[in-house]
Amino acid sequence: MAHNYIATDSPLSRRIVRAFLHFLNSVEPGPGVDAEGIEVARECLAEAFKLNQSPVAGDDVKSDSLIDIFKSLEAKKQCEPSKSDVGPQPDSVDASSSFSGENPARGKNHSEASKSTDEDSTQGPHAFVSKDELCGQFFAALEKNCYFWSNTDGSDDPVQLEKASCLFNEACMELERSGCHQFSLKNLAESLKTLGNKAMQSKKYSDAIELYNCAIAVHEKSAVYYCNRAAAYTQINKYTEAIQDCLRSIEIDPNYSKAYSRLGLVYYAQGNYRDAIHKGFRKGGRA
């Protein structure tokens with residue numbers, strides 16, 4: 001039986017995939033949803049259908065709903081019964097999936113750390129502290145990771161100090177919005193990661209990298225944070241940095257399948273298809 005397929009570079013294909021990604025961005029995740037896996041799938045689709053490039057001739061860049069697209073195609077099919085414009089419809093997805101939906105209050109991932117970057121502290125990353133104490137720990141972690149610049153007179157750059165204060169306050173506000181009113185380094189790191197995820201969704205990749213930098217400074221033994229930062233680096237074509245972050249993520253947690261998948265995606269973006277398959281995607285399927 002003959003099949004009528006549409007090419008990946010056709011305006012219709014790109015329109016359908018763009019609507020599908022728009023749908024994924026508009027929903028909130030439910031408990032147990034693999035949000036990181038959804039994000040990897042989103043990136044693969046965007047890369048395969050070249051949605052990050054300039055629109056091609058005939059492209060309709062507005063974000064339709066999938067229902068509207070298929071209704072319009074069905075109407076067209078009824079008007080022109082001899083023509084078939086649509087291939088197999090996409091599989092259904094869990095409407096609760098989204099990249100940004102992990103609740104920092106839950107704080108569970110593949111690489112729970114036993115120690116924070118502030119090793120000389122008598123408190124672990126899960127210890128609850130006051131907001132003022134947490135602020136001090138946050139600034140100490142940033143300083144340890146050389147976040148602050150120094151002026152010629154040896155004093156700290158006030159711009160960087162103000163920026164760090166803003167990031168801390170935003171992270172605390174995100175904690176409170178999530179319903180978490182207890183402060184700890186681990187919760188703060190998760191909140192910074194969530195803000196980084198939101199920046200990714202808004203395509204503010206430099207902002208996302210800075211937020212993931214801060215999350216890693218606070219909790220440097222999280223495979224998830226490095227893997228997320230790798231995604232941001234990939235979006236701005238910093239493939240060397242992205243590969244390093246993927247490898248660091250795998251070093252922390254050799255069973256973290258998303259790090260292998262993302263590594264495969266980086267190699268794919270480079271055009272290194274052999275390594276994408278053998279060092280990335282295949283290993284991700286076995287992890």
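**Notebook: a look through the helices**

I started with burial: 45% of the 287 residues in the protein chain are buried, where buried means under 20% relative accessible area, exposed over 50% and partly exposed in between (1.4 Å probe, protein chains only). I am working on a predicted model, in which local features need pLDDT of at least 70, side-chain atom pairs count only at pLDDT 80 or more, and totals for chains, interfaces and linings use all residues. Residues are numbered from 1 along each chain as its sequence is written, and side-chain values use heavy atoms, with hydrogens and water left out.

**Fold.** I counted 11 helices and zero strands in the protein chain. Helices (H or I, at least four residues) and strands (E, at least two) are DSSP runs, numbered from the N terminus. Along the sequence I read the pattern as α-α-α-α-α-α-α-α-α-α-α.

**Repeats.** I checked the UniProt record next: an unreviewed entry carries the annotation "repeat: TPR" for residues 189–222 and 223–256. Its positions are given in the numbering used here, feature names are shortened, and annotations may be inferred rather than shown by experiment. Residues 189–222 came out as 79% helix and 0% strand, with end C-alpha atoms 10 Å apart. For residues 223–256 I have 79% helix and 0% strand, and the end C-alpha atoms lie 7 Å apart.

**Glutamate 190.** Is this residue of helix H6 (residues 185–201) buried or exposed? Glutamate 190 counts as buried because its relative accessibility is 1%. I then looked for a partner and found that its side chain makes a polar contact with the side chain of tyrosine 225, at 2.6 Å. (A polar contact is a pair of N or O atoms within 3.5 Å; within protein, one must be able to donate a hydrogen and the other to accept it, and residues adjacent in sequence count only if both atoms are side-chain atoms.)

**Cysteines.** How many disulfides does the structure hold? I found zero, taking a disulfide as a pair of cysteine sulfur atoms within 2.5 Å. For cysteine 135, the nearest cysteine sulfur belongs to cysteine 172 and is 7.7 Å away. Cysteine 135 has 24% relative accessibility, so I noted it as partly exposed. Cysteine 166 is also noted as partly exposed, because its relative accessibility is 32%.

**Phenylalanine 281.** My last stop was helix H11, where phenylalanine 281 is found. With 32% relative accessibility, phenylalanine 281 counts as partly exposed.
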